[in-house]
Amino acid sequence: MRKYHVNLASLMRVYETNYAKLVALLPKNEKIGAVLSYQVCLQQYQIKIIEVTVYTTLVEVYQIDEQPIYPLPRLTVRLYHDARVAEVCASQQFSYIKAKYDYPNKKMLQKDEKHQLNQFLSDWLTFCLKNGISQEPIFLEKN
């Protein structure tokens, strides 16, 4: 069995494309606590701004459904403005995601869990942008 090695070039490409996609959806003047709501194909998505610093922004990206049949995606993403990359740093019940995991493991995470989560975010944002997500949020409110 071959040992898993992180493909850094591939992971960085995903980080860069996620940054470009997310920046297109965020307001110019980010305010902590702001919630941007978008609708795509009758599904509602929200981006909540959690933290804003000089070089980074922390957001939570999630789908909303009043009566979900299955667990809905919820990702915490840090945008690094100086490097122009966005990295998924938490997901659902996982508050920290390592670059690689031994397999099998107690939580049954994949060897490349970090890459898969970031690729999922990329695919999700691509779906939203291609299927009519508005560049302007449906509403902007503060929690």
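A residue counts as exposed when its relative accessible area is over 50%, and as buried when that area is under 20%. With those cut-offs in mind, the tour below moves through a predicted model, beginning at its surface.

Select Gln 93 first, in the loop between S5 and H2. Its relative accessible area is 60%, and because this lies above the cut-off, Gln 93 is classed as exposed. If you then add Arg 74 to the selection, you have two residues that are 19 apart along the chain, with their C-alpha atoms separated by 9.3 Å.

Move next to Arg 84, which sits in the loop between strand S4 (74–80) and S5. Arg 84 is likewise exposed, with a relative accessible area of 55%. Its backbone deserves a look as well, since Arg 84 has a positive phi of about 60 degrees although it is not a glycine. Most residues other than glycine have a negative phi.

From there, go to Val 88 in strand S5 (residues 85–91). Is Val 88 buried or exposed? With a relative accessible area of 0%, Val 88 is buried. Displaying its surroundings, and leaving aside neighbours within four places in sequence, you will find Val 88 in contact with Leu 75, Thr 76, Val 77, Ile 97, Lys 114, Leu 117, Asn 118 and Leu 121. For Lys 114, one of these partners, the separation from Val 88 is 26 residues in sequence and 7.5 Å in space, C-alpha to C-alpha.

Lys 114 also leads on to the helices, so select helix H1 (residues 8–25) together with helix H2 (residues 113–130), which pack at an angle of about 35 degrees with their axes 9 Å apart. The crossing of H1 past H2 is left-handed. On the H1 side, the contact is made by Ser 10, Leu 11, Val 14, Tyr 15, Thr 17, Asn 18, Lys 21, Leu 22 and Leu 25, while H2 contributes Lys 114, His 115, Asn 118, Gln 119, Leu 121, Ser 122, Leu 125, Thr 126 and Leu 129. Coloured by class, the residues of this contact divide into eight nonpolar, eight polar and two charged.

The last stop is the largest pocket, which holds about 150 Å³ of space. To outline it, select Leu 42, Gln 43, Gln 44, Gln 63, Ile 64, Asp 65, Pro 68, Ile 69, Tyr 70 and Leu 72, which line this pocket. Strand S2 (43–52) and strand S3 (56–64) each supply at least two residues of the lining, and by class the lining comprises six nonpolar, three polar and one charged residues.

Key:
Residues numbered from 1 in each chain as written. Predicted model: local features only at pLDDT ≥ 70, side-chain atom pairs only at ≥ 80, totals over all residues. Heavy atoms only, no water. 1 Å grid on protein atoms, 1.4 Å probe; cavity = no way out; pocket = protein on both sides within 12 Å on 5 of 7 lines; lining within 4 Å. Points joined across faces, edges and corners; volume = space filled by probe spheres on them. Helix = DSSP H or I, 4+ residues; strand = E, 2+ residues; numbered from the N terminus. Nonpolar A, V, L, I, M, F, W, Y, C, P; charged D, E, K, R; others polar. Axes fitted to C-alpha atoms, helices over the stretch in contact; angles between N-to-C directions. Left-handed = near helix turned anticlockwise from the far one by under 90°. Contact = heavy atoms within 4.5 Å. Buried < 20%, exposed > 50% of the residue type's maximum accessible area, 1.4 Å probe, protein only.
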